[in-house]
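This report looks at how strands and helices are arranged in one protein chain. Keep the sequence and the model in view while reading.

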Amino acid sequence: MKLAILFALSLIIPLPSAAQQPTVLKFNSPAPPRSFLHEGAFVPWANAVSQDSGGTAKVEMFFGGTLGNFAVTYDRVVDGVADIGFILTALAAGKFRQQDVAALPFESKSSTAASHALWNLYEKGITAGEFDAVKPLGIWTFPNAALNSKTPVKTLEDLKGKKITTSNQIAGRTVGALGAAQVTLRPDEVYQALSRGIADMALMPLTGVATFKIFEVAKHSIDAAMGADSAMVFMSRKRWESLPPQAKAAIDKHSYLPFSHRLGQAADGEWNRSRGMLQDIQPLSAQEEARWKKLVAPVAEQWARETPNGAKVLEAFRAEIAAYEAKNKGK
């Protein structure tokens with residue numbers, strides 16, 4: 001009799017099944033495990049999404065490129081090896097050329113401002129065409145590159161004939177326009193290039209200067225807005241469509257402009273921390289900045305011509321930056 005009752009109850013009250021378990025979302029970050037992005041933005045976001053999903057989703061973090069390095073993370077997410085990824089948009093084989101607007105020199109002064117601008121360009125549909133296969137959850141930039149030198153730089157004349165390390169095409173065009181020679185190297189190769197005399201200066205964000213100890217061999221830095229690397233957190237649209245409604249709602253709640261803002265703030269905060277580690281960091285004088293801007297203006301013009309819908313993207317980006325700065329003036 002007891003067995004019969006138990007059997008009847010098993011038909012009425014189903015046992016837990018795999019379908020009732022939370023959907024595990026694998027978040028791949030190729031950044032080093034101790035990156036400021038993890039504790040400053042990615043982990044809090046993952047925890048908040050998991051908590052607010054009503055048990056329908058669990059975001060698991062994978063640091064240090066466990067599921068793929070920067071060069072392959074985009075494809076790993078599209079192919080389903082990872083569910084969510086973080087990449088520098090420049091490393092996605094040319095799929096996000098419009099995002100390089102933030103890499104143009106003297107266009108934005110802070111990561112937070114540029115992050116707002118890039119997200120708004122996407123949300124307004126201006127750059128949305130680049131995201132046909134993936135859904136961005138946050139778009140932001142790293143801090144602007146600074147000019148780091150073994151000898152003090154005061155004027156344009158101090159750059160003439162100097163060899164400057166860069167890591168991308170826009171940066172190379174920028175230093176060329178300023179009268180210097182480009183030496184293309186990865187960030188981890190710059191220290192030895194400077195110490196061995198292969199290069200005289202490095203165009204690199206202060207966050208990179210601190211990470212790779214460039215300040216040991218290039219003790220003088222010019223704090224100028226020489227262009228920033230854009231980045232994003234994203235998932236494939238196919239994976240997004242497969243999620244339960246509560247999981248989607250949790251992601252919606254913690255992503256998009258608020259997440260982009262938090263990422264931009266984290267980058268600016270790390271820039272400030274790194275700045276405090278340097279011995280000699282100086283701004284350009286107003287007169288010198290005007291001279292530099294005039295010389296590098298053709299870099300933006302060329303980018304606008306060569307990039308799909310580039311002129312419209314550049315105009316809209318400048319308008320978004322101006323609007324953000326006006327709104328936050330004095331803050």
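In which sense do strand 6 and strand 7 pair, and over how many bridges? Strand 6, residues 163-166, pairs with strand 7 in the parallel sense, and four bridges link them. Ile164 stands opposite Gln182 in strand 7. The model is a predicted one.

## The sheet of six strands

The pair belongs to an open sheet of six strands with the order 7-6-8-5-9-11, in which the pairing is mixed. Strand 7 (181-184) and strand 11 (280-283) stand at the edges with a single partner strand each, so one side of each has no neighbour in the sheet. On average, neighbouring strands of this sheet are turned by 30° against each other, direction ignored.

Helix 5, made of residues 169-177, packs on this sheet. Helix 5 touches strand 6, strand 7 and strand 8 (201-205), and its direction makes about 160° with that of strand 6.

## The sheet of five strands

Another open sheet has five strands in the order 2-1-3-10-4, again with mixed pairing. Strand 2 (57-62) and strand 4 (134-141) are its edge strands, and each pairs on one side only. From one strand to the next, the twist averages 20°.

Within this sheet, strand 1 (residues 23-28) pairs with strand 3 (residues 84-88) in the parallel sense over two bridges. The bridge partner of Phe27 in strand 3 is Ile84.

## Helices across strands 4 and 10

Helix 4 (residues 111-123) lies across strand 4 and strand 10 (230-236), at about 155° to strand 4. Helix 10 (residues 257-275) also lies across strand 4 and strand 10, but runs at about 30° to strand 4.

Key. Residues numbered from 1 in each chain as written. Predicted model: local features only at pLDDT ≥ 70, side-chain atom pairs only at ≥ 80, totals over all residues. Heavy atoms only, no water. Pairing = 2+ DSSP bridges. Axes fitted to C-alpha atoms, helices over the stretch in contact; angles between N-to-C directions. Contact = heavy atoms within 4.5 Å.
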